[in-house]
Amino acid sequence: MKPALTLAALVTLAGCSEPDADAIVTLDTAVYAAVSDARDKPTFTVKSGTACKVGETVYGKVDAYTEVICGDRRGWVLDAENLKIIKH
């Protein structure tokens, strides 16, 4: 029984780690390497009009961070309102 529970937990975690929505960035937006990174040290800036995948939202020390994958780059944004979700 225990291996089945472990397998179920791993499958659940794997499902949570994959981005689940497509979005277009509406304003140039700073992207951070990790939740709660210093706001003055973004890893990169994603430009307006870029298509990204949007994943989970987590809460850092103060703010909510939303996971994004834009092309071959991955990170976290503070300004989720700059992401326009595309409905299929």
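Here is a chat about the sheet, the core and an aromatic pair in a predicted model.

Biologist: Hi! In what order do the strands of the open sheet come?

Modeller: Hello! The order is E6-E5-E4-E1-E7, so five names to keep in mind, and the pairing is antiparallel.

Biologist: Which strands stand at the edges, and why does one side of each lack a neighbour?

Modeller: Strand E6 (73-77) and strand E7 (83-86) do; each has a single partner strand, so one side of each has no neighbour in the sheet. From one strand to the next, the twist averages 40 degrees.

Biologist: Cool. How many bridges join E4 and E5?

Modeller: There are 5 bridges between strand E4 (residues 51-59) and strand E5 (residues 64-70). In one of them, Val-54 has Val-68 of E5 as its partner.

Biologist: Switching topic: how many residues make up the largest nonpolar core?

Modeller: It has 12 residues, including Val-54, Val-68, Cys-52 and Phe-44. The largest share, 3 residues, comes from E1.

Biologist: And what does Cys-52 touch?

Modeller: Leaving out residues up to four places away in sequence, Cys-52 touches Ala-21, Asp-22, Ala-23, Val-25, Val-46, Ile-69 and Cys-70.

Biologist: What about rings: how many aromatic pairs are there?

Modeller: The count is 1 aromatic pair. The ring centres of Tyr-32 and Tyr-65 are 6.4 Å apart and their planes stand at 80 degrees, so the pair is edge-to-face.

Biologist: Where do Tyr-32 and Tyr-65 lie?

Modeller: Tyr-32 is in the loop between strand E2 (29-31) and E3, while Tyr-65 is in strand E5, so the pair ties together parts 33 residues apart in sequence.

Biologist: Are they buried or exposed?

Modeller: Tyr-32 and Tyr-65 are both buried.

How values were computed: Residues numbered from 1 in each chain as written. Predicted model: local features only at pLDDT ≥ 70, side-chain atom pairs only at ≥ 80, totals over all residues. Heavy atoms only, no water. Pairing = 2+ DSSP bridges. Helix = DSSP H or I, 4+ residues; strand = E, 2+ residues; numbered from the N terminus. Axes fitted to C-alpha atoms, helices over the stretch in contact; angles between N-to-C directions. Core = buried A, V, L, I, M, F, W, Y, C linked by side-chain atoms within 4.5 Å. Buried < 20%, exposed > 50% of the residue type's maximum accessible area, 1.4 Å probe, protein only. Contact = heavy atoms within 4.5 Å. Phe/Tyr/Trp six-rings, centres within 6.5 Å; stacked < 30°, edge-to-face > 60°.
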